[in-house]
Amino acid sequence: MTDGPTHGFDTLQIHAGARPDPATGARQTPIYQTTAYVFRDADHAAALFNLQEVGYIYSRLTNPTVAVLQERIATLEGGVGAVCCSSGHAAQIMALFPLMGPGKNIIASTRLYGGTVTQFSHTIKRFGWSCKFVDFDDLDAVKAAVDDDTRAIFGEAIANPGGYIMDVRAVADIADDAGIPLIIDNTSATPYLCRPIEHGATLVVHSTTKYLTGNGTVTGGCIVDSGKFDWSASDKFPSLSQPEPAYHGLKFHETFGNLAFTFHGIAIGLRDLGMTMNPQAAHYTLMGTETLSLRMERHVANAVKIAQWLEQDDRVDYVTYAGLKSSPYYDRVAKVCPKGAGGLFTFAVKGGYDACVKLVNALEIFSHVANLGDTRSLIIHSASTTHRQLTPEQQESAGAGPGVVRVSIGTETAEDLIADLDQALTKATS
Ligand SMILES: *Cc1c(COP(=O)(O)O)cnc(C)c1O
């Protein structure tokens, strides 16, 4: 199959990037469980090492199973290329690495996955990078935060966990004016619900651990490049526009054009940071992508039913799901993710912290885990777990205060999930 733009999402999620195995005809993509690849001869090896020819050298850089997944995710997101890596957090570092240097900063939304807030508040400082957190609904504040050392803007299309929808286009316009890329973490939305590149994003990052794999089996990450950013328009991105000493002075942008970021991610990022996705993980995620749209439809349908049921229940204070008419972000859903606001939301239980802890303990179908995007329904009390490292102010602004729980609604029978919540709420609040 050729991956023409004429094919629908449901077709591409199964076929993009894959072709029958040339050696055996195997219809499913084989797991190429190999570390290295035999060179045809010494000239072939030299050409590969000089980046004059594309091919397989060593699985820290490239692997055929991983390559299929890269092409598939790039196609689903409408990008020109993608680099897979070992986790979502690895993808974030890999996305920033070519853009940043000591003294440079990024601007990020206050509404982010808790682990990302920690990574950006503390860990990136070890590289001499810093992050300014800004409320992305205050566009003037985003604009004002950009300075000469800002190298990227970072946000989540559907923000985990607080039911927030980002106006991706409005922030993309600010990034464009500043001549810097917008990076969107599209983990919670998936390309089925939102394609950030169509809203002006330069790069899209994923924790493929979540919905793309869908079964809670493996960790992985991915960075997709739109191919639309002009890395040579200013002197801000020397890693991409200037000679690279580790490749005899090759200039990535000049040499690889709109694939510069992708090639850099493999040839420098994976080569030297080593945050590689293994072929087994790529296999599980490829299996997951085949049913992505089917699962997302059910995740959304179930989330709407359950959020509506919780909202009218007296034991619940409020529900933050952008798919509810009561949400301040309800109108933005139609613009940013018209097929639905995803499968994640939070709700506040009457009785605060203690009631939340009791609820989590009493549930039988919902699993109490630090994960999301599984076919199974999951629940977590963010304030005592994923958002524990955050200050109370950061918890509140991330929508993860002490009295709320976050659910990742699975694809089970909605009525069963409602019955489970019903019995657990009784135990939690009586
Ligand atoms: C889980 C998650 C991450 C981190 O991904 P890992 O695969 O756990 O490293 C980043 N962003 C979002 C939105 C996530 O849900």
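**View 1. The shell around the ligand splits into 2 nonpolar, 10 polar and 3 charged residues.** Nonpolar here covers Ala, Val, Leu, Ile, Met, Phe, Trp, Tyr, Cys and Pro; charged covers Asp, Glu, Lys and Arg; the others, Gly among them, are polar. The model is predicted: local features need pLDDT of at least 70, side-chain atom pairs need 80 or more, and totals for chains, interfaces and linings use all residues. Residues are numbered from 1 along each chain as its sequence is written, and side-chain values use heavy atoms, without hydrogens and water. Of the 15 residues around the ligand, Gly-88, Asp-185, Ser-207, Thr-209 and Lys-210 come nearest (near: a heavy atom within 4 Å). Helix H4 (residues 88–96) gives the largest share of this shell, 3 residues (helices, H or I, have at least four residues and strands, E, at least two; both are DSSP runs numbered from the N terminus).

**View 2. Asp-185, Ser-207 and Lys-210 make polar contacts with the ligand.** A polar contact pairs N or O atoms within 3.5 Å. A ligand nitrogen lies 2.6 Å from a side-chain N or O atom of Asp-185. A ligand oxygen is 2.8 Å from such an atom of Ser-207. For Lys-210, a ligand oxygen is also 2.8 Å from a side-chain N or O atom. The protein covers 92% of the 370 Å² of accessible area that the ligand has on its own (Shrake-Rupley method, 1.4 Å probe).

**View 3. Helix H3 (64–77), strand E1 (81–85) and helix H11 (260–273) each supply at least two residues to the lining of the largest pocket.** H3 supplies the largest share, 5 residues. The lining holds 15 nonpolar, 7 polar and 3 charged residues.

Methods: Polar contact = N/O pair within 3.5 Å; in protein donor to acceptor, adjacent residues only side chain to side chain.
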